Amino acid sequence: MSDDWRPDTLGVRAGGLRSSFGEHSENLSLTASFVFGSAAEAARKFANAEPGNIYSRFTNPTVAMFQSRLAALEVAEACVATSTGMAAVSTVAFGLLKAGDHIVAARGVFGTVVPLFNQVMAKFGVATTWVDPTDLDAWRGAIRPETKLLFVETPSNPVCEIADIAALAEISRKAGAVLAVDNCMASPALQRPIEFGADLVVHSATKYLDGQGRVLGGAIAGRKDLVEGPLFGFVRTAGPVLSPFNAWVCLKGMETLRLRVNAQSASALALARWLESHPAVERVNYPGLESHPQHALAMRQQSAAGPVLSFVVKGGREAAWRVVDGSKLLSITANFGDTKSTICHPATTTHGRLTAAEREEAGVVDGLLRLAAGLEDVADIQADLERGLGRA
Ligand SMILES: *Cc1c(COP(=O)(O)O)cnc(C)c1O
C-alpha cells in the first residue's frame with residue numbers, strides 16, 4: 001500500500017495481502033486456529049515475541065485485511081473489527097469506561113444504543129446524559145468531571161440532524177474525554193470524522209461497508225492507543241469478534257463503496273428535491289436540501305449528503321402506511337445500506353418501543369417515513385412512491 005493513494009484506490013487496494021498461493025481476490029481464511037512449526041515457535045507467538053496468526057478470536061488474516069482497509073478509508077491509525085455494529089458500540093463503552101464514569105450522548109443515535117447505555121451500562125454504574133446533537137451549549141452543560149465518553153451519530157437516523165464534529169472534538173478534548181462518532185449513515189465515502197478531530201469512528205459494517213444486505217459486522221477505527229489498547233483487549237477477551245467470512249464479504253463490499261454511496265446519494269438528492277415540492281408531503285429531512293437547518297455544516301463535513309432521507313406525509317400514520325403499502329418496488333424493511341431501496345415507518349417499527357413523548361422529541365412523528373436510496377433507476381423509485389402519495 002502506498003502512502004499517497006487516493007480514496008478510490010484505497011477502497012479497492014488498501015490492506016490487500018496475498019498468501020503463498022498468489023490469489024488475486026483476497027483470500028478467505030476460514031479457520032479457527034493456525035498451526036506452528038514447533039513448540040518453540042508456538043511459545044514465541046503466544047509471548048508476542050514473534051508476529052503471526054494464533055487463533056481467529058484475535059488474529060485472522062481476512063479480518064486483518066478488513067481492518068486495514070477500513071482504517072485507510074477512515075484515515076485512522078488503527079481499526080478493530082466486531083461481530084455487529086452494536087458490538088462495536090458495546091466495545092467502546094465496556095472497553096473505555098468503569099463504574100462512576102459518565103457518558104454524554106446525542107439523542108437520536110441508533111435506537112438500541114439507548115437501552116445499552118440506560119440499562120446495561122447503568123447496571124455497571126455508568127450514567128448517561130442525553131442531549132440535542134445540534135445544541136453545543138447542551139453538550140458543554142452536560143459535561144461533568146467524570147465524563148469520559150461523548151457519543152454522537154451524524155447524520156442521525158432517521159431525522160438526519162447534523163452534529164458539528166470539530167466543535168464536539170474541542171469540547172471533548174477540554175473535558176479529557178473521548179469523542180466517538182457513529183459514521184454509518186454517511187460512510188467514509190462521504191465523511192471522515194477523524195479529519196474533524198474525532199478520536200474514534202464506530203461502524204455497523206452491516207450497512208454500507210457490506211452494501212448488499214448480506215452479513216452483520218462492525219468496527220471501531222481511530223486512535224492507536226485506544227484501538228490497539230483497551231478496545232482490542234476487550235474484543236479479544238470478551239469475544240464479540242467478526243467472523244472471517246463476514247470480514248471477507250465486507251472487504252469485497254468496500255471495493256465498490258464509493259461508487260455505490262455516491263450514486264445512491266445522487267438519487268437521494270433527486271428524490272428529496274422532488275418530495276419537497278410534492279403537495280402530499282409536509283416536510284423533507286435531508287441535509288442536501290437548502291431548507292435543512294444545518295445544510296452548510298453538512299456540506300462542510302460531507303462530500304455529499306448521503307443515501308438516506310426521511311419525509312413527513314400529510315395525514316399522519318394512515319397516509320404514511322398508504323405510501324408503504326402502495327409500493328411495489330421498495331423493500332419494507334428496517335435495514336438500510338443495501339443496493340435495494342428500503343422504506344420503513346419508524347414510529348411503528350424502529351421507534352415503536354419509545355413513548356409518544358419520546359418519539360415526539362426525536363422528531364419521529366406519525367407521518368414520518370425513512371427512505372434509503374438503493375441503486376435502482378431513480379425514476380422507478382419516484383414512480384413507486386407516487387403510487388401511494390397520489391392517494392394521500
Ligand atoms: C444498524 C446500526 C447500528 C447497529 O448495527 P448492527 O450491525 O445492527 O448491530 C449502529 N448504528 C447505526 C447508525 C446503525 O444504522
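Biologist: Which residue has a backbone N or O atom 2.8 Å from an oxygen atom of the ligand?
Modeller: This is a predicted model. A polar contact needs N or O atoms within 3.5 Å. Here a backbone N or O atom lies 2.8 Å from a ligand oxygen atom, and the residue that supplies it is Met86.

Biologist: How far is the side chain of Asp182 from a nitrogen atom of the ligand?
Modeller: Asp182 is one of the residues that surround the ligand. An N or O atom in its side chain faces a nitrogen atom of the ligand, at a distance of 2.6 Å.

Biologist: Which residue puts a polar side-chain atom 2.8 Å from a ligand oxygen?
Modeller: The residues around the ligand include Thr84, Glu153, Ser204 and Thr206. The one with a polar side-chain atom 2.8 Å from a ligand oxygen is Ser204.

Biologist: How much of the ligand does the protein bury?
Modeller: Start with the ligand taken alone. It then exposes 380 Å². Of that area, the protein buries 91%.

Biologist: Cys184 is also beside the ligand. Why is Cys184 not bonded to the closest cysteine sulfur?
Modeller: Cys184 is buried, at 7% relative accessibility. A disulfide needs two sulfur atoms within 2.5 Å. The closest cysteine sulfur, in Cys250, is too far for a bond, because the distance is 11 Å.

Biologist: How many disulfides does the structure hold?
Modeller: Cys160 is in no disulfide, as the nearest cysteine sulfur, that of Cys344, is 12 Å away. Cys160 is buried, with a relative accessible area of 1%. For the structure, the number of disulfides is 0.

Biologist: Which helix gives the most residues to the largest nonpolar core?
Modeller: In soluble globular proteins, nonpolar side chains tend to be buried together. The largest such core here has 45 residues, and Phe117, Trp139, Phe151, Leu179 and Leu200 have the most contacts inside it. Leu179, for one, touches Leu150, Val152 and Ile165, among others. With 6 residues, the top helix contributor is α4 (residues 85-96).

Biologist: How many residues are in the second, separate core?
Modeller: Its members include Ala221, Leu242, Ala247 and Val249. The count for this core is 33 residues.

Biologist: Which residue's backbone oxygen lies 2.6 Å from a polar side-chain atom of Ser310?
Modeller: Ser310 lies in strand β9 (residues 308-313). At 0% relative accessibility, Ser310 is buried, because the cut-off is under 20%. Its contacts include Val159, Arg283 and Leu368. The backbone oxygen 2.6 Å from its side chain belongs to Pro158.

Key:
Residues are numbered from 1 along each chain as its sequence is written. This is a predicted model: local features need pLDDT of at least 70, side-chain atom pairs count only at pLDDT 80 or more; totals for chains, interfaces and linings use all residues. Side-chain values use heavy atoms; hydrogens and water are left out. Buried means under 20% relative accessible area, exposed over 50%, partly exposed in between (1.4 Å probe, protein chains only). A nonpolar core is a set of buried Ala, Val, Leu, Ile, Met, Phe, Trp, Tyr and Cys residues joined through side-chain atoms within 4.5 Å. Helices (H or I, at least four residues) and strands (E, at least two) are DSSP runs, numbered from the N terminus. Contact means heavy atoms within 4.5 Å. A residue is near a molecule or strand if one of its heavy atoms lies within 4 Å of it. A polar contact is a pair of N or O atoms within 3.5 Å; within protein, one must be able to donate a hydrogen and the other to accept it, and residues adjacent in sequence count only if both atoms are side-chain atoms. Accessible areas come from the Shrake-Rupley method with a 1.4 Å probe; for residues, only the protein chains shown count as cover. Lists of a residue's contacts leave out its neighbours within four places in sequence.
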